[in-house]
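I opened this notebook to look up ring contacts and nonpolar cores. My entries follow in the order I made them.

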Amino acid sequence: MPAKITVFIPVHNRQKYIAQTIQSVLDQSFKDFQLLLVDDGSTDNSVEIMRSYTDSRITIIENKHNLGIPKTRNIGLEHAEGEYLAILDSDDLMLKDRLKKQNKFLDTHSDYAGVGSWSRYIDDYGKIKKAIVMRPVSHKRIMASLLFQCAIHNRTFMVRTELVKTHGYNNDFLRCQDYELLYRLAQTKRNKFYNLPEILVHGRKHDQQITSRTSALGDRMKMIIAGQFLDDLNVPYT
């Protein structure tokens, strides 16, 4: 029988962090999961570190060469077996009850498509920063803020797997593909979302992050999404 949850982590050159990230998943209080690691052509020791784990719940997929994050995410969807898909970045950490709490929410709220949470940042050495990264909690507030921001942090998102497989990631969005997908999921008006108002993930801040190195590209992608949203609302804009 497939695991209840697939924890999906795309990986590219994360030898410094990937062991801590994997361990944070293995330490979860909820145990019925598939840990799906998709390596996107790493040139460091990331794959060797992943292979050093013998836990039978781990699935490792290796791209022959670097395909980029949206294509790698779509490859991950092909191998996701769980009813729910929990997303985590390869340098971030789950708190031990993340899967348990989000699984419970989706089990008891059949009309909701996905659930995120609040988070905190950690630095390169794992030191926790004081500020809480909040996101709107209720579905109505999430929908209202989608025009201005990705209202569910990707690293905290758990969603019904078949729904994401149906829509897939847009390969043209080399940045913000999570935001663009959330926009399309919300656009149908049938899918509801929620953010648990508690910290379930620690997101790492460091110089090698894609977001840090491609901020201009990210801004352009966000403008495209905002333009699509305004077009849907029939709102003229400059």
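I looked for charges over rings and found the charged end of lysine 205 above the ring of tyrosine 121, 4.5 Å from its centre. I noted a further case, arginine 73, which lies over the face of tyrosine 169 at 5.8 Å from the ring centre. The model is a predicted one, and I read every entry here with that in mind.

Next I turned to ring pairs. How many aromatic pairs does a search of the whole structure find? I recorded five.

I took up phenylalanine 105 and tyrosine 194 from that search. Their ring centres are 4.9 Å apart and their planes are at 15 degrees, so I entered the pair as stacked; planes under 30 degrees apart count as such. I placed phenylalanine 105 in helix α4 (residues 98–108) and tyrosine 194 in strand β9 (residues 192–204), so the pair ties together parts that are 89 residues apart in sequence.

Is phenylalanine 105 buried or exposed? I have it as buried, because its relative accessible area is 8% and the limit is under 20%. Tyrosine 194, at 22% relative accessibility, went down as partly exposed.

I then checked tyrosine 183 and phenylalanine 229, an aromatic pair that is tilted, with 5.5 Å centre to centre and 50 degrees between the planes. Tyrosine 183 belongs to helix α7 (residues 177–187) and phenylalanine 229 to helix α9 (residues 215–232), so this pair ties together parts that are 46 residues apart in sequence. I listed tyrosine 183 as buried at 6% relative accessibility, and phenylalanine 229 as buried at 12%.

Going back to phenylalanine 105, I saw that Phe105, Tyr112 and Tyr194 form one aromatic cluster.

My last search was for nonpolar cores. The largest has 35 residues, and I noted Leu85, Leu146, Phe157, Leu182 and Phe193 as those touching the most other members. Which elements each supply at least two residues of this core? I wrote down β2 (33–39), α3 (69–79), β4 (84–87), α6 (161–167), α7 and α9. The largest share, six residues, comes from α7.

I followed phenylalanine 157 outward. Leaving aside residues up to four places away in sequence, I found that phenylalanine 157 touches, among others, Leu85, Ile152, Leu182 and Phe193. Arg98 and Gly114 are also among its contacts.

I closed with a second, separate core of 28 residues, which includes Ile5, Phe105, Tyr112 and Met158.

Terms used: Residues numbered from 1 in each chain as written. Predicted model: local features only at pLDDT ≥ 70, side-chain atom pairs only at ≥ 80, totals over all residues. Heavy atoms only, no water. Phe/Tyr/Trp six-rings, centres within 6.5 Å; stacked < 30°, edge-to-face > 60°. Helix = DSSP H or I, 4+ residues; strand = E, 2+ residues; numbered from the N terminus. Buried < 20%, exposed > 50% of the residue type's maximum accessible area, 1.4 Å probe, protein only. Lys NZ or Arg CZ within 6 Å of the ring centre and 35° of its normal. Core = buried A, V, L, I, M, F, W, Y, C linked by side-chain atoms within 4.5 Å. Contact = heavy atoms within 4.5 Å.
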